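These are my notebook entries from a session with one model. I wrote them down in the order in which I looked things up.

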Amino acid sequence: MLEEKIHDKKPLYSKTAARAESSRCLFCHDAPCITHCPTEINIPQFIRQIANDDIKGAAVTILASNKLGYSCARVCPTEVLCVGACVYNHSDNAPIQIGRLQRFAVEVAEERFGFLALLPNKRPPSGKKVALIGSGPVSWSAAAELALLGHGVTIFEKKAVPGGLNSLGIAPYKLQKKDAIKEIEWLSELGIELRLNNEISANSVGSLVKEYDALFLGVGLGEDKLLNIDDLSGPGVYGATALIEQIKNDAHFDLSAVKIAHVIGGGNTAIDIAHELKLLGVEHVTMLYHRAEKDMSGYAHEIDAARKSGVVFREHEQLKELVRDQNENMHITVFDSSEQKSYKTQTDLVALAIGQQKIIDLAEALGVNLDSMGRVIIDEQTGRTSNLRVWSGGDCCSGGKEVVNAVQEGKIAALSIHEYLVSQKNDAEVASA
Amino acid sequence: MPDLSSDFCGIKSPNPFWLASAPPTNTGGQIMRAFEQGWGGAVWKTLGKPIRNVSSRFGSVDFQGRRMMGLNNIELITDRPLDVNLREISETKKRFPKHAVIVSLMVESKEEWRDIIARSQDAGADGLELNFGCPHGMCERGMGSAVGQEPEVLKEITSWAVEYAKVPVIVKLTPNIGDILEPGRAAVAGGAHALSCINTIKSIVSVDLNTFTPNPGVGDASTNGGYCGPAVKPIALHMVSQLAKNGAIRVPISGIGGVSSWRDAAEFLALGASNVQVCTAVMHYGFRIIEDLCAGLDNYLRDMNMTGLSDLIGKALPQYVEWGDLDLNHRVVAKINADKCIGCKLCYVACLDGSHQCIYMPGMTKEEAQKAGHENIPEEINEHKTSVLANRVPWVDEHECVGCNLCQLVCPVEDCIEMVTQRIVPERWSWHDQVALDCQR
């Protein structure tokens with residue numbers, strides 16, 4: 001895969017490096033890093049365990065709060081979460097590299113002890129079954145919790161590759177597909193059934209409702225939104241997440257003919273693809289953003305990293321037109337709103353990163369209410385939807401957040417589903433008695 | 001410009017930094033390289049009857065990612081032929097006449113002492129150091145710390161050495177005793193011209209938890225060794241100053257034990273040592289550390305307007321008093337500088353669980369404080385409200401603060417917590433004063 005040409009930005013620590021970094025941790029009382037982790041991992045404790053040479057204990061601490069502790073360690077924007085909250089930020093010392101330590105703990109402990117040894121024992125089978133639609137991080141988080149609680153768990157994935165955005169949408173210098181799949185294989189050891197190439201449509205969801213005791217919707221956001229411009233299709237024009245997916249998943253995909261690329265958008269997905277294209281050798285990568293750079297929703301540290309790799313940022317610029325000449329060369333017209341004038345330029349690739357469409361048919365078929373933006377409405381304390389046998393979480397509810405938020409939402413939903421299933425079982429026992 | 005040159009019981013050296021008798025002084029080649037790099041003197045690795053060493057030999061205590069906070073060894077005295085050592089001593093002395101070459105010795109019988117002292121002096125030794133301290137291996141043969149732990153034997157052997165020696169005799173003391181003054185007095189009674197201390201502390205450095213063999217392992221077993229390095233400095237400082245303070249001991253003391261920096265050396269000198277000996281820091285970083293040892297000490301003396309070592313030696317001794325003489329009316333309280341605080345709350349939890357429960361978090365209600373474990377909660381708790389970073393900046397109940405320093409010690413930020421003097425009454429009053437008053441009554 002093309003992505004494998006890109007190196008890890010933060011490689012696995014050596015034991016020596018992990019010990020040195022973990023030893024710097026102050027072991028704060030009531031530590032702010034914990035409260036800034038959406039899954040509330042007991043960070044000072046696992047770091048102390050690394051420092052004291054208890055790698056297994058460290059991994060157990062991490063996974064107790066976050067079953068996807070491995071991928072989160074690699075993909076979390078720690079700069080704005082735990083690391084951003086490290087008290088060292090108020091001093092002259094660099095903050096602790098929590099993500100790298102977390103990766104070290106889980107990766108090394110899994111290698112040495114196996115994944116299941118890092119989790120509590122599974123509870124005895126409850127006889128209840130849960131179906132999860134979509135195989136992104138939110139579903140794996142929920143599925144792992146439910147499997148540990150003794151419930152039968154099946155994940156339905158429409159694609160041939162499991163993992164959702166974790167496998168197919170993460171910048172390769174953070175997490176590559178093979179490693180995301182590796183984590184899924186670990187989680188599968190819990191006895192989670194995965195059915196690939198198995199799209200649940202509005203028509204087929206009815207049979208799931210009958211067969212399973214509870215349903216979880218973790219379908220994410222769906223396809224990239226496209227600009228409403230004539231001729232904005234055909235070769236060389238991609239939705240950003242689709243392009244990232246091809247780089248990760250299409251063994252024949254090749255960018256060697258691309259010299260000039262334009263990325264439209266200002267969010268993290270736009271920055272990711274621009275950065276990736278640059279790392280893959282595209283000579284000129286330009287990001288066009290219709291407002292000021294300071295308004296970009298992408299993280300400042302990601303913008304910095306992309307700029308350092310050579311990505312050119314152009315603010316107040318909008319794509320207005322795309323035409324192809326007789327040689328199939330693309331020419332785009334860009335409107336500069338600060339100068340109030342347009343210019344034309346040639347390009348080999350256009351990536352549109354202006355958001356993803358929401359999937360609404362399925363939700364409607366289940367009688368699950370959506371908000372005005374097309375997002376699934378859930379009770380935040382439980383993850384439960386307006387259909388009391390259906391729970392949901394992740395990007396289809398939030399409209400697009402981090403993997404670690406999805407993990408937490410999956411965890412919350414799993415606990416609520418468990419409570420429901422236990423109460424069902426009790427009711428049934430009362431009825432039969 | 002301060003003068004670093006040293007005169008230790010008549011032995012002159014360009015500076016007060018000697019290499020201690022140990023692996024760095026095993027050969028003439030090593031010592032000559034050390035002198036080239038600036039070391040003032042060296043105590044040759046102990047000469048004695050031939051021995052055989054084991055493999056491996058050293059074990060280390062690492063602390064929070066730093067190597068060798070403490071070092072332990074089970075190596076014995078020199079394992080090289082005596083004539084080779086003597087030839088190299090004489091060669092070293094010829095090439096470096098202004099540097100101090102002390103020869104450490106350890107033998108058994110009176111005749112052996114006479115013989116080895118004569119041969120060491122013939123080779124050019126500026127002084128002799130009697131090794132009564134080695135706490136492993138040699139003591140099982142009735143030498144080393146076996147002598148150092150028996151004041152009568154120590155005194156007798158010292159007197160033999162003094163009788164045969166034409167150069168100063170330094171007795172190196174073991175810390176593996178109850179009271180350092182006992183062997184110290186015995187050495188002086190035996191006629192020693194100087195003392196050096198401490199030798200290594202009897203230790204087991206760690207255990208391999210897979211094989212259940214202590215470290216350093218020699219095949220499938222190990223033995224207790226001698227502990228040194230930065231970790232032992234406080235023990236050495238105490239013993240050196242005990243000897244220096246004692247009126248009956250009027251000989252110079254060579255301070256040994258964890259000296260790694262000029263500051264350590266200055267502390268030994270201030271507590272009464274006349275020079276220092278260094279080993280572990282050289283084993284860790286090499287002879288080159290002498291440059292910053294000399295530069296640092298020179299800068300310090302200059303900053304303190306001191307002209308030479310004698311201005312510094314013993315400077316802290318008058319302030320080292322018995323507990324009973326301490327002023328009970330002196331009181332300090334902790335003040336936290338909110339501008340410097342980074343909000344780690346280590347002082348808070350240390351005071352709560354490890355001391356006197358007088359540090360609070362802002363915004364805490366009286367009930368919350370009670371639940372957390374506070375007992376004497378001041379009324380002013382209501383005045384400390386929460387703000388942004390300030391909600392992680394603790395405050396001190398000065399009335400309850402006993403001035404223990406713990407918060408300051410755990411604080412990772414320099415100068416963030418200050419201990420401010422708040423005398424109880426102007427007059428001094430000690431426990432001894434109290435006892436005297438009680439007697440009068």
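Which residue of β7(A) is the bridge partner of A:H262? Working in what is a predicted model, I found that A:H262 has A:T286 as its bridge partner in β7(A). I then followed the two strands along their length, and noted that β6 (residues 260-264) of chain A and β7 (residues 284-288) of chain A are paired in the parallel sense over five bridges.

Next I looked up the sheet around this pair, which is open and consists of five parallel-paired strands of chain A in the order β5-β12-β6-β7-β8. Because β5 (237-239) and β8 (312-314) of chain A each have a single partner strand, I entered them as the edges, where one side of each is left without a neighbour in the sheet. For the twist I noted an average of 20° from one strand to the next.

I turned to the helices and saw that α12 (residues 240-249) of chain A lies across β5 and β12 (349-352) of chain A, at about 95° to β5(A). Helix α13 (residues 268-279) of chain A packs on the sheet as well, touching β6, β7 and β12 of chain A, and its direction makes about 170° with that of β7(A).

For the domains of chain A, I recorded domain 1 (2-118), domain 2 (129-222 + 359-432) and domain 3 (237-352). The C-alpha centres of domain 2 and domain 3 of chain A are 33 Å apart, and eight residues of domain 2 of chain A are in contact with 10 residues of domain 3 of chain A. On the domain 2 side of that contact I listed five nonpolar, two polar and one charged residues.

Methods:
Residues are numbered from 1 along each chain as its sequence is written. Chains are lettered from A and ligands numbered from 1 in the order in which they are written. This is a predicted model: local features need pLDDT of at least 70, side-chain atom pairs count only at pLDDT 80 or more; totals for chains, interfaces and linings use all residues. Domain bounds come from an automatic or database domain assignment. Two residues are in contact if their C-beta atoms, placed from the backbone, lie within 7 Å. Ala, Val, Leu, Ile, Met, Phe, Trp, Tyr, Cys and Pro count as nonpolar, Asp, Glu, Lys and Arg as charged, and the others, Gly among them, as polar. Two strands pair if DSSP finds at least two bridges between them. Helices (H or I, at least four residues) and strands (E, at least two) are DSSP runs, numbered from the N terminus. Axes are lines fitted to C-alpha atoms, for helices over the stretch in contact, and angles run from 0 to 180 degrees between N-to-C directions.
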